[in-house]
Amino acid sequence: MKPILVAGATGNVGSQVVGQLRARNVPVRPLSRNPPPDGVRGDLAKPETIAPALDGVDTVFLMLAGSAEALVPTVSLLGERVKRVVFLSSGAVDDSLTEQDNAIGAWHRTVEESIEAAGLEWTFLRPHGFAANTLGWASSIRADGVVRGAYGEASMPLIHEKDIAAVAVEALTGDGHAGAKYTLTGTRPMTQAEQVRIIGEAAGRPARWEEIPLEEARAAMLAKMPEFIVETMLAGLRELVTKPGEVTSTVQDVTGRPGLDFEVWVAEHAAAFR
């Protein structure tokens with residue numbers, strides 16, 4: 001059996017893909033800029049560093065790390081060397097649009113289009129909000145049990161990275177997934193304020209959401225992220241206040257088991273918030 005190359009092998013999703021493949025006794029070649037001892041070093045923006053890792057490989061788990069344009073040459077290389085790619089894309093991609101109006105969606109669609117053009121057998125995973133994103137609140141919750149931000153009533157079904165990886169593993173190892181665009185979500189929508197409360201309960205200390213003026217929230221986000229990401233995120237949160245994120249059954253449909261609730265993720269990561 002040929003090994004599967006897993007890019008981003010030390011990240012939230014990639015590490016789960018590696019672990020779940022190994023649990024099935026599937027040979028894995030972890031790839032990262034800072035790889036584990038049993039992995040290989042490579043930078044997705046530098047195809048010459050990826051080429052050696054492709055020896056004896058015909059299936060790749062791919063993700064975006066950096067700019068979309070920087071990944072396109074690596075996709076071209078994959079088109080010459082491998083058969084199947086499972087790409088961790090984004091739920092922000094909208095197939096009804098000729099030109100994406102969401103910066104994050106446009107970013108990922110650029111890579112999707114390059115994969116399609118490369119002639120690869122592909123599967124696109126399009127997850128919506130990650131449960132792991134709430135780790136960004138950990139320092140605030142540890143400090144005083146308060147998370148300050150805008151749009152606390154924005155409601156979304158956050159997905160466990162284990163569920164994203166489980167769908168990836170099915171697409172990497174099984175048949176019938178070629179050409180699929182899998183929209184992935186958690187099991188039910190909940191507001192940001194509810195997420196904070198649930199985290200506090202699991203961590204054993206009360207935690208609450210505090211709504212702050214939009215400009216104050218924007219300034220805090222700009223200190224950590226580029227402006228186009230911040231504006232895209234705020235626009236998405238504003239919409240989720242009146243139109244909660246929809247739930248899909250894709251995790252169940254593909255893996256044959258129910259998706260994991262947000263409470264499961266929180267219980268596994270409660271120590272980060274204490």
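**Note on the predicted model**

1. Tyr151 is buried, with a relative accessible area of 17%. This residue sits in the loop between β7 (146-149) and β8. Although Tyr151 is not a glycine, its phi is positive, at about 65°. The structure is a predicted model, and the backbone of Tyr151 should be read with that in mind.

2. A second non-glycine residue with a positive phi is Asn25, where the angle is about 60°. Asn25 belongs to the loop between α1 (12-23) and β2 (28-32). Is Asn25 buried or exposed? Its relative accessible area is 68%, over the 50% cut-off, so Asn25 is exposed. Tyr151, by contrast, is buried because its 17% falls under the 20% limit.

3. As to the overall fold, the protein has 11 helices and 11 strands. What radius of gyration would a compact globule of 274 residues have? The rule gives a value near 19 Å, and the protein has 19 Å, so the two agree. The C-alpha trace spans about 50 × 40 × 35 Å along the principal axes.

4. Of the 274 residues, 47% are buried. The accessible surface of the protein amounts to about 12500 Å², and carbon and sulfur atoms account for 51% of that area. When contacts between residues at least 6 apart in sequence are considered, 75% of them join residues at least 24 apart. On the charge distribution, the protein carries 26 positive and 35 negative charges, and the mean positions of the two sets are 6 Å apart.

5. Helix α6 (residues 161-173) is mostly covered, since 11 of its 13 residues are buried. The buried set comprises Glu161, Asp163, Ile164, Ala165, Ala166, Val167, Ala168, Val169, Glu170, Ala171 and Leu172. It thus includes the acidic residues Glu161, Asp163 and Glu170. From first to last C-alpha the helix reaches 18 Å, close to the 18 Å expected at 1.5 Å a residue.

6. Within α6, Asp163 merits separate comment. Its relative accessible area is 0%, and it therefore counts as buried. Which residues are in contact with Asp163, once neighbours within four places in sequence are left aside? They are Val251, Arg257, Gly259 and Leu260.

7. Helix α9 (residues 227-242) has 16 residues, which at 1.5 Å a residue should span 22 Å; the end C-alpha atoms are 24 Å apart, in agreement with that expectation. Buried residues in α9 are Ile229, Val230, Thr232, Leu234, Leu237 and Leu240. An α-helix has 3.6 residues a turn, so residues three or four places apart point the same way. The cover over the buried residues of α9 includes α4 (103-117), β8 (155-156), α7 (192-203) and α8 (214-222).

8. One of the buried residues of α9 is Ile229, whose relative accessible area is 12%. Residues up to four places away in sequence not being counted, Ile229 touches Ile104 and Trp107. The C-alpha atom of Ile229 is separated by 24 Å from that of Ala9, and the two residues are 220 apart along the chain.

9. Leu64 is found in the loop between β4 (59-63) and α3 (68-81). At 13% relative accessibility, Leu64 is counted as buried. Where does its cover come from, beyond neighbours within four places in sequence? Leu64 is in contact with Leu71, Phe87, Leu88, Trp107, His108 and Val111. Trp107 is also touched by Ile229. Leu64 and His108 are 44 residues apart in sequence, with a C-alpha to C-alpha distance of 7.5 Å.

10. The last residue considered is Arg197, in helix α7, an element named among those covering the buried residues of α9. How accessible is Arg197? Its relative accessibility is 39%, so Arg197 is classed as partly exposed. Between Arg197 and Val147 there are 9.9 Å in space, C-alpha to C-alpha, and the pair is 50 residues apart in sequence.

Conventions
Residues are numbered from 1 along each chain as its sequence is written. This is a predicted model: local features need pLDDT of at least 70, side-chain atom pairs count only at pLDDT 80 or more; totals for chains, interfaces and linings use all residues. Side-chain values use heavy atoms; hydrogens and water are left out. Helices (H or I, at least four residues) and strands (E, at least two) are DSSP runs, numbered from the N terminus. The radius of gyration is taken over C-alpha atoms; the globule rule is 2.2 Å times the number of residues to the power 0.38. Buried means under 20% relative accessible area, exposed over 50%, partly exposed in between (1.4 Å probe, protein chains only). Contact means heavy atoms within 4.5 Å. Accessible areas come from the Shrake-Rupley method with a 1.4 Å probe; for residues, only the protein chains shown count as cover. Lys and Arg count as positive and Asp and Glu as negative; His and the chain ends are not counted. The place of a charge is taken as NZ of Lys, CZ of Arg, CG of Asp or CD of Glu. The expected span of a helix is 1.5 Å times one less than its number of residues.
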